[in-house]
Amino acid sequence: MTRFRTVDLLVTVLIGAAFGVAYLGYGQLYTLIGPLTAAFKPAEGLLAGIWFLPAMLAGLIVRKPGAALLAGMLAAVLSMLLGSQWGWGTAISGLMQGGGVELAFLLTRYRRFTLPVAVLAGVLAALLEWGWEKFAYYPEMSWAFSGVMLACFVLSGALLCGGLGWAATRALVSTGAVDALAAGREHARVAEA
């Protein structure tokens, strides 16, 4: 098992903390679009992938077992402590989202950090989060609407978490800002070749 270096831990915590604060604003966006999605509640799932991003970024940048889960949990717990409208359920969401992303990297034994793996990570996070939300927030929703919401979650997880997270990581790596981390070192090896 690869240990966290201090820089790995600091970057993971920083990602989680930054998103924990940003979630407060994103939560307000959900409140603002509430009237738009009231007519078709499953459409809320189209924005779900943004919530999974701290886990994705930590997983892709740090590339250590537990980084995705830790960043996802930190973002959720900090958001909860700062007054998230979803209360303690936010922490469970962090566990589901971070756990889904972590599972994809675990399936590759933390050896592949490609776009397809990132998309898989977003989809797994979406599946776990949808399961939690179906139970906690939408138990009365029909299974037909729940299925549509699941499709929206999966699409958002694949695109907004997987695709956007992978592209953001590539952009950050190209700046040299993360050269001390696994993603930066891989970029340097590829550039030399």
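**Helix α6 and what packs on it**

Begin by selecting α2 and α6, whose crossing is right-handed (the near helix is turned clockwise from the far one by less than a right angle). Helices here are DSSP runs of H or I with at least four residues, numbered from the N terminus. The model is predicted: local features need pLDDT of at least 70 and side-chain atom pairs count only at pLDDT 80 or more, while totals for chains, interfaces and linings use all residues. Residues are numbered from 1 along each chain as its sequence is written, and side-chain values use heavy atoms, with hydrogens and water left out.

Stay on this pair. The axes of α2 and α6 come within 9 Å and cross at roughly 45° (axes are lines fitted to C-alpha atoms over the stretch in contact, with angles from 0 to 180 degrees between N-to-C directions). That angle makes α2 oblique to α6 (neither under 35 degrees, nor over 145, nor from 65 to 115). On the α2 side, show Leu53, Met56, Leu57, Leu60 and Ile61; on the α6 side, the contact residues include Leu160, Leu164, Trp166 and Leu172 (contact means heavy atoms within 4.5 Å).

Next, select the whole of α6, residues 143–175. Its 33 residues reach 46 Å from first C-alpha to last, close to the 48 Å expected at 1.5 Å a residue (1.5 Å times one less than the number of residues). Centre on Gly157, where α6 has a kink of about 25° (the angle between axes fitted to the seven residues ending there and the seven starting there). Gly157 is also one of the buried residues of α6, among them Ser146, Phe153, Cys161 and Val173 (buried is under 20% relative accessible area, exposed over 50%, partly exposed in between, with a 1.4 Å probe and protein chains only). To see what covers these residues, add helices including α2 (53–62), α4 (89–107), α5 (115–136) and α7 (182–192).

Then pick Gly163, which lies in α6. Gly163 is partly exposed, at a relative accessible area of 22%. Apart from neighbours within four places in sequence, Gly163 is in contact with Leu115, Val119 and Ala158. A distance label from its C-alpha to that of Gly122, 41 residues away along the chain, should read 8.4 Å.

Move to the end of α6. Just after the helix, Gly176 takes a positive phi of about 90°.

Finish with α7. α6 and α7 pack at an angle of about 70°, their axes 9 Å apart, and are therefore roughly perpendicular. Arg170, Val173 and Ser174 of α6 make the contact with Ala183, Gly184 and His187 of α7. This crossing is right-handed.

Conventions: Helices (H or I, at least four residues) and strands (E, at least two) are DSSP runs, numbered from the N terminus.
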